Amino acid sequence: MEAPPRRPAINFFDLLTEEIILIILDHLRDPLARKSFSQVCKSFYSLESDHRKFIKPRILNFLPNVLRRFPSISQINFSLCPRVEDDTLSSISLAWNSSLETIDLSRSKFFTQKGLSSLATNCSSLLEINLSNRTTLTDSSLKAIGEAKNLERLWLTKCKSITDVGIGCLAVNCRKLKSICLRWCLRVTDYGVGLIAAKCKEIRSLDLSYLLITEKSLSAIFELEHLEALVLEHCHRLDDDGLVSFKKSCQSLKVLNLSHCQSITHIGLSALTNGAQNLEKIILSYSLSFTSDLAECLNDSPRLQSVNLDGIMVRCSGIRAIGNWHSSLKELSLSKCRLMSDECLSFTVQAHKELRKLDITFCRNITYASVDYITRSCPMLTSLRMESCTLVSRDAFLLIGRCQFLVEIDVADTDIDDEGLESIARCSKLCFLRLGMCLNVTDKGLSYIGSSCSKLTALDLYRLSEITDLGISSIADGCPSLEVINIAYNPNVTDNSLLSLSKCLKLRILEIRGCSCISSRGLSNIAVRCRQLTLLDIKRCNNVNDEGMIQLAQHSQKLNQIKLSCCSVTDVGLLALASMSCLNHISIYRLNKLTSYGLAAFLMSCQSLITVKLSTFFKSLLPEHIQESMEARGCVLVWREKESQAPFRRLNRWE
Amino acid sequence: MQAKISPNPPSFPDFSLQQSNQLRWEDRSMSDNDIWMEALFREFNQACGTQSLLSCGSNDGVKIPNPENCQMGDTSRAGKLPADWDPSIMLENLSFLEDKIHQLQGLLHLIVDKKGQQFGQPEEIITQEKRLITANLTSIIVQLISTAGSLLPSVRLASSNTSPSVGQHGQIPGINFLSGLDPSSSSIQPQHDIIDNICDQSNQIDHTNMCEMEQNHMEEHELKDEEDVDEGENLPPGSFEILQLEKEVILAPHTHFCTICGKGFKRDANLRMHMRGHGDEYKTPEALAKPNKESVSEPKLIKRYSCPYLGCKRNKDHKKFQPLKTILCVKNHYKRSHCDKSYICSRCHTKKFSVMADLKTHEKHCGKDKWLCSCGTTFSRKDKLFGHIALFQGHTPAIPLDESKAPAGQAEMEINENNNNNNNNKGGSINLSFGSSASCCENGIQNIMDGKGITDDPISYLSSLNFETCNFAEFNDFPRPPFEDATEGLFPFLMSESFNYSPKSGGESCPDNLV
């Protein structure tokens, strides 16, 4: 297999065994790098082809070539192909019948039971299928999937048409199932779930959110010996009355999610967690109030590490009871617990000194005292989220520097100032920082971050009216690994900022919405240098015009999503974008200079589109057959009237 | 359809059964003292008011054409009034008795003293004294008798009236009967002297009360029989008498034959009704009474039945012998297990039955089986299908052919089904077929409707009685599906209390008493 020597001189690659080359190849994560590798020589090409395990096709026109070139594909992700037909599925099932293990069809449409059947019968080693979002998936499709006897993982989220009958077929045939997600499968009832529990004894993970199941099927589920994760979000039929006589216990259970189960109080919870010795994580968010009784239920779980109590009505006694638990928590989420007081929080964090992650977002009553206790008692903290803790004073942020292991800090919408940032800058491992809406932060504060947080990968500077190009450039200079940055609605940020940000070669997501000083010139710098760019938000950048689009089209080959609304882009710019092979999502509201012809040409020529958001104005102007053909391609046209929307609206990408 | 619906238990125009219903109700109200119970009781009475009048009419036709029957009707009504066991009233009565006795004692002392002092008093005074003493004694005895009911807690009829009044006399024989006193015994005799008309009635009432007692007994028996035979009774071996009928006897269509004309009947009650047509001697209460009831009080060995088929679990020679409770059980068991299934469903032409009633039950639901297993078995209930699939390896639910058509409506229905939990489709249909028993008032009306058309003509009424009981018999031939789940939640009291309806064994234990 080695490349034939072309010259009498020693070819060093001859000295490498195939195995070593393959190991090197495994370390090339970037698809483009792999592409370069394969194009070095014929032998590398064939090595790479034989070794390729994973593909994520964009356009299925080249599928026959792909099938021939890569003989041992085990994972296919069709999430960029909105249209996948039965023929495609049957041809891949024949080509990779022994190697295919994982297939993701969660974003695809148009395939039927026939394609699934060929997939299931031909690919004997199929382990995982994702069929989420196929609301029209029928019971007969599930029966077809039942032929995949070795199937271990199945996702059926939002398959609203499937019933107990289909689930029954599946449960009887796929005895090796380890993980199944039936979220939103509203027609599946106790009978189907009970049958899964009765037949598939290997189940590890079960997601039954939104189902109308009762304790009847739970008693079957709790018989499962290996069950580790059970998700019961929004299961409103589960209540204390039913669970009060529930006697089963599941010893293997590690994760229990009872989010939004508003009929379950400490009675039901104690029935469910009774004997769950291995419970590690429990999610009780948006359920009933957290009382000391409820806390008592979890006192007997020695391995409990993570507790999520988001949006729950917290009683002081309940939180204090957490402080008395035997287990030492590593993660605690208390976001939107509006009644949380300093006293309770301090007591709790003092008892759990091992805490790694703490989320107190929207706990508006806590003050300096809490931050003091948190930073003093939990030195190992890696993640601290305290967005909108508005009563916390400036001084308190000076204390955050005590926790030097912090990787993630969210102090958006607080009173933090430059001194606070100076303290935060002591966390040298910091990767994620959110400073949005912190109006006291200036360039000086950003320079502290830029000077010491070299590992920063994501930064949110949303609506910091004080910052200028200077601050951005200090960040760009000091944080070369920056991947995500949001500088939306900063009026003082100009093209110079983009010029400095173009030094961050790993930049993936750039949000410069509402920065009216930015023009196509700045955008061109980004386009030329930041080749990894996948998401660009230039909404309301009035000075960005066709030139910027042309630059993007030429250089940003990976651009996946672009928000162009309210720019000065015309038909020319849009048509330039049509040449991009990766562009999947685009929103083009209120492009005043756009005509229906330009739009039609763009829609027809840009083959990779999946979602197009555009104003209803064009609906009548766009020819019917174009709309139909878009639909046939699997592209969704979202028509919306966006004229009257207020410009000041909080967009939060981080949540 | 009307014929099928009408013969549900409360619609018997059977006077005695009706009476016993009332008895049971009184029983309840006596023991429970629950206000709602009483209220219900009144409601029930109102609903059945016309019926009890009807039953008076039936007496008119069947029994003694006595104008005082109306009065009897009244007394029976008086018996219906809900009365509490009130200790204060009883105390009052006792002290009244005590006063009377003291008075009498004083009077007698006086007489004795007088006798000691002077002899030869005028006859007049002596007779006057005698009369006074007799009157006093009578008063005491009457009082004693009238309160006897409330004094003895075991007496059923007692509590209705504790204050002495004429209206209560109707009860006296009942009390006598229950407390084991002979109505003709000397202690009661004076009462007959004082109160008019009682003699004529007592006979009559005695009889009705007898009936009541019998019925009561029967119902208790029924209640005991409620557990299904299949569940096993756990009777110790030897504690019951095993009877084994021959195959021919079992398969014979009739078990009771008229000795005069030879006509066969399934039930002895029907035979007795039939016998009335053969002469007045068959119309006496004795002839119409249920046989074998003289020995009620005697401890009798329980009868159990064995299937003549050798090797059958129901055969007495089987190692794990499980006896059958009644003759009807034997019949149904023998037909189902050891006979050809000759009745074929006219709809699906596949299901076969050996018992006609089974076929009829099936035909009601035939074609409605929408839950299909891959093995070809169909189920009318989803939970049964899933139970089947959970049980057998490799069986899967079969997907209906018109799956593509599966409408949203079905989903809703399923959700509904879920909501009702036990009240699934089948429950619903049962509710429908037994619909009339669900509502008390409706029933009352229906009874009136049933009865009214025929009460004008006593003869046709007689035949109607026959007709009704016939239907009842047929009705009982149906093996009843276990629907108590479905109805109990809605009308538990109606089902188990007022209608004397034993849900599980109903069809099989009733004939036990009637045969």
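This is a guided tour of a predicted model, moving from the whole chain to its salt bridges, a surface patch and its cysteines.

**The whole chain**

Begin with chain A in a cartoon view, where the secondary structure comes to 27 helices and 24 strands. If you then colour by accessibility, you will see that buried residues make up 57% of the 655 residues in chain A. Turning to a contact map, among the contacts in chain A with a separation of 6 or more, 72% are between residues 24 or more positions apart. Switch to a surface representation next: chain A exposes about 26,600 Å², and carbon and sulfur atoms supply 52% of that area.

**Salt bridges**

Side chains of opposite charge can pair when their charged atoms come close. A search of the whole structure finds 30 salt bridges over all chains, and a few of them are worth selecting in turn.

Select A:Glu152 and A:Arg153, whose side chains meet in a salt bridge with an N to O distance of 3.8 Å. Here A:Glu152 counts as buried because its relative accessibility is 18%, under the 20% cut-off, whereas A:Arg153 is partly exposed, with a relative accessible area of 27%.

Move on to A:Arg204 and A:Glu202, which are joined by a salt bridge of 3.3 Å, N to O. A:Arg204 is partly exposed at 26% relative accessible area, and A:Glu202 is partly exposed as well, at 30%.

Now select A:Arg434 together with A:Glu387, where the side chains meet in a salt bridge at 3.2 Å, N to O. A:Arg434 belongs to strand β16 (residues 432-434) and A:Glu387 to the loop between β14 (383-385) and α18 (394-397), so this pair ties together parts of chain A that are 47 residues apart in sequence. Are these two residues buried or exposed? Both A:Arg434 and A:Glu387 are buried.

To finish with the charged side chains, select A:Arg34, A:Glu48, A:Arg52 and A:Arg69 at once, since salt bridges that share partners join these residues into one network.

**A nonpolar patch**

Return to the surface view and select A:Ile10, A:Phe12 and A:Leu15, which make a nonpolar surface patch of about 400 Å². Within this patch, A:Phe12 is found in helix α1 (residues 12-15) of chain A, and A:Phe12 counts as exposed because its relative accessibility is 62%, which is over the 50% cut-off.

**The cysteines**

Show the cysteine side chains as sticks; the count comes to one disulfide over all chains. Which residues form this disulfide? The partners are A:Cys316 and A:Cys344, with their sulfur atoms 2.1 Å apart. Looking along the bond, you will find that the torsion about the S-S bond of A:Cys316 and A:Cys344 is about -115°, so the disulfide is left-handed. A:Cys316 lies in helix α15 (residues 316-323) and A:Cys344 in helix α16 (residues 342-351), so the pair ties together parts of chain A that are 28 residues apart in sequence. The two partners can also be compared by accessibility: A:Cys316 counts as partly exposed at 33%, while A:Cys344 is buried, with a relative accessible area of 2%.

As a last stop, select A:Cys517, which is in no disulfide, and for which the nearest cysteine sulfur, that of A:Cys515, is 7.9 Å away. A:Cys517 is partly exposed, with a relative accessible area of 36%, whereas A:Cys81, a further cysteine to select, is buried at 3%.

How values were computed:
Residues numbered from 1 in each chain as written. Chains lettered and ligands numbered in written order. Predicted model: local features only at pLDDT ≥ 70, side-chain atom pairs only at ≥ 80, totals over all residues. Heavy atoms only, no water. Helix = DSSP H or I, 4+ residues; strand = E, 2+ residues; numbered from the N terminus. Buried < 20%, exposed > 50% of the residue type's maximum accessible area, 1.4 Å probe, protein only. Contact = heavy atoms within 4.5 Å. Areas by Shrake-Rupley, 256 points an atom, 1.4 Å probe, with all protein chains shown as cover. Salt bridge = Lys/Arg side-chain N within 4 Å of Asp/Glu carboxyl O. Patch = residues over 30% accessible without salt bridge, like charges linked within 9 Å, V, L, I, M, F, W, Y side chains within 5 Å. Disulfide = S-S within 2.5 Å.
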